[in-house]
Amino acid sequence: MARGKIQLKRIENPVHRQVTFCKRRAGLLKKAKELSILCEADIGLFIFSPQGKLYELATKGTMQGLIERYMKCTKGFQVESDAKDKELPDSKEEIELMKHEINILQKGLWSMVGHDGGTMTMDELQALEKHLESWIYHIRSTKTNILFQEIQILKNK
């Protein structure tokens with residue numbers, strides 16, 4: 001008996017959505033482990049639930065080791081193994097960083113409302129995109145929580 005294709009869209013029922021998340025998460029983790037065993041691949045996998053809970057899998061070694069290896073391969077910055085060695089930027093550096101971020105967000109806001117606030121560089125556009133994705137995630141998460149609470153209230157009546 002063949003399984004039918006499902007339409008890929010957001011599951012509206014929060015209970016069904018949570019059940020599907022749990023089942024598919026377990027299936028994804030199982031497939032990653034199988035791939036690692038069959039092909040001797042090093043696999044690192046992060047999954048964040050809609051509630052923000054972290055699920056991770058590192059098939060060989062540690063996740064930190066895999067991340068360091070990834071950063072070396074992509075010629076990224078070196079991830080320090082000991083977080084205690086990291087120094088926080090001093091106040092002036094932090095202020096400059098925040099001013100730069102505010103400038104990027106203001107340019108993006110002006111661009112979105114149709115006013116020409118100056119052209120944005122590719123880095124600024126990518127930073128803006130990252131912020132927008134983060135905002136969308138938080139908005140959707142809040143919206144889902146409110147809907148879930150309203151459903152619970154209606155069920156209790």
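Among contacts in the protein between residues at least 6 apart in sequence, what share joins residues at least 24 apart? In this predicted model, the share is 27%. The legends below start with the whole chain and then move in on selected places.

**Figure 1. Overview of the fold, with four helices and two strands.** Read from the N terminus, the order of elements is α-β-β-α-α-α. The protein has 157 residues, and 15% of them count as buried. Keep that value in mind for the views of the core and of Ser-49.

**Figure 2. The largest nonpolar core, made up of eight residues.** The members to look for are Phe-21, Leu-29, Ala-32, Ile-43, Leu-45, Ile-47, Tyr-55 and Leu-57. Helix 1, strand 1 and strand 2 each give two or more residues to this core. Helix 1 gives the most, with three residues. Take a moment with Leu-45, one of the core residues. Setting aside neighbours within four places in sequence, Leu-45 is in contact with Leu-28, Leu-29, Ala-32, Tyr-55, Glu-56, Leu-57 and Met-63.

**Figure 3. Ser-49, in the loop between strand 1 and strand 2.** Strand 1 covers 44-48 and strand 2 covers 54-58, with Ser-49 in the loop between them. Is Ser-49 buried or exposed? Its relative accessible area is 3%, so Ser-49 is buried, the cut-off being under 20%. Residues up to four places away in sequence are not counted here, and Ser-49 touches Phe-21, Tyr-55 and Tyr-137. Two of these partners, Phe-21 and Tyr-55, will be familiar from the core in Figure 2.

**Figure 4. The largest pocket, with a volume of about 410 Å³.** Of its 13 lining residues, those closest to the centre are Arg-10, Arg-17, Pro-50, Gln-51 and Thr-144. Helix 1 (14-39) and helix 4 (122-156) are the elements that give two or more residues to the lining. Helix 4 supplies the largest share, six residues. If you are thinking about the chemistry of the wall, the lining has five nonpolar, five polar and three charged residues.

**Figure 5. The second largest pocket, with a volume of about 340 Å³.** Its lining includes a run of residues worth following along the chain: Ile-6, Gln-7, Leu-8, Lys-9, Arg-10 and Ile-11. Arg-17, Thr-20, Phe-21, Arg-24 and Pro-50 also line this pocket. By class, the lining has five nonpolar, two polar and four charged residues. Arg-10, Arg-17 and Pro-50 line this pocket, and you have met these names already among the residues closest to the centre of the largest pocket.

**Figure 6. Glu-40, with a positive phi although it is not a glycine.** Where does Glu-40 sit? Its place is in the loop between helix 1 and strand 1. The phi of Glu-40 is about 55°. Glu-40 has a relative accessible area of 63%, and it is therefore exposed, the cut-off being over 50%.

**Figure 7. Cys-22 and Cys-39, shown with their accessibility.** How many disulfides does the structure hold? The count is zero. Cys-22 has 29% relative accessibility, so it counts as partly exposed, between the cut-offs of 20% and 50%. Cys-39 counts as exposed because its relative accessibility is 51%, and exposed means over 50%.

Note on methods
Residues numbered from 1 in each chain as written. Predicted model: local features only at pLDDT ≥ 70, side-chain atom pairs only at ≥ 80, totals over all residues. Heavy atoms only, no water. 1 Å grid on protein atoms, 1.4 Å probe; cavity = no way out; pocket = protein on both sides within 12 Å on 5 of 7 lines; lining within 4 Å. Points joined across faces, edges and corners; volume = space filled by probe spheres on them. Nonpolar A, V, L, I, M, F, W, Y, C, P; charged D, E, K, R; others polar. Buried < 20%, exposed > 50% of the residue type's maximum accessible area, 1.4 Å probe, protein only. Contact = heavy atoms within 4.5 Å. Disulfide = S-S within 2.5 Å. Core = buried A, V, L, I, M, F, W, Y, C linked by side-chain atoms within 4.5 Å.
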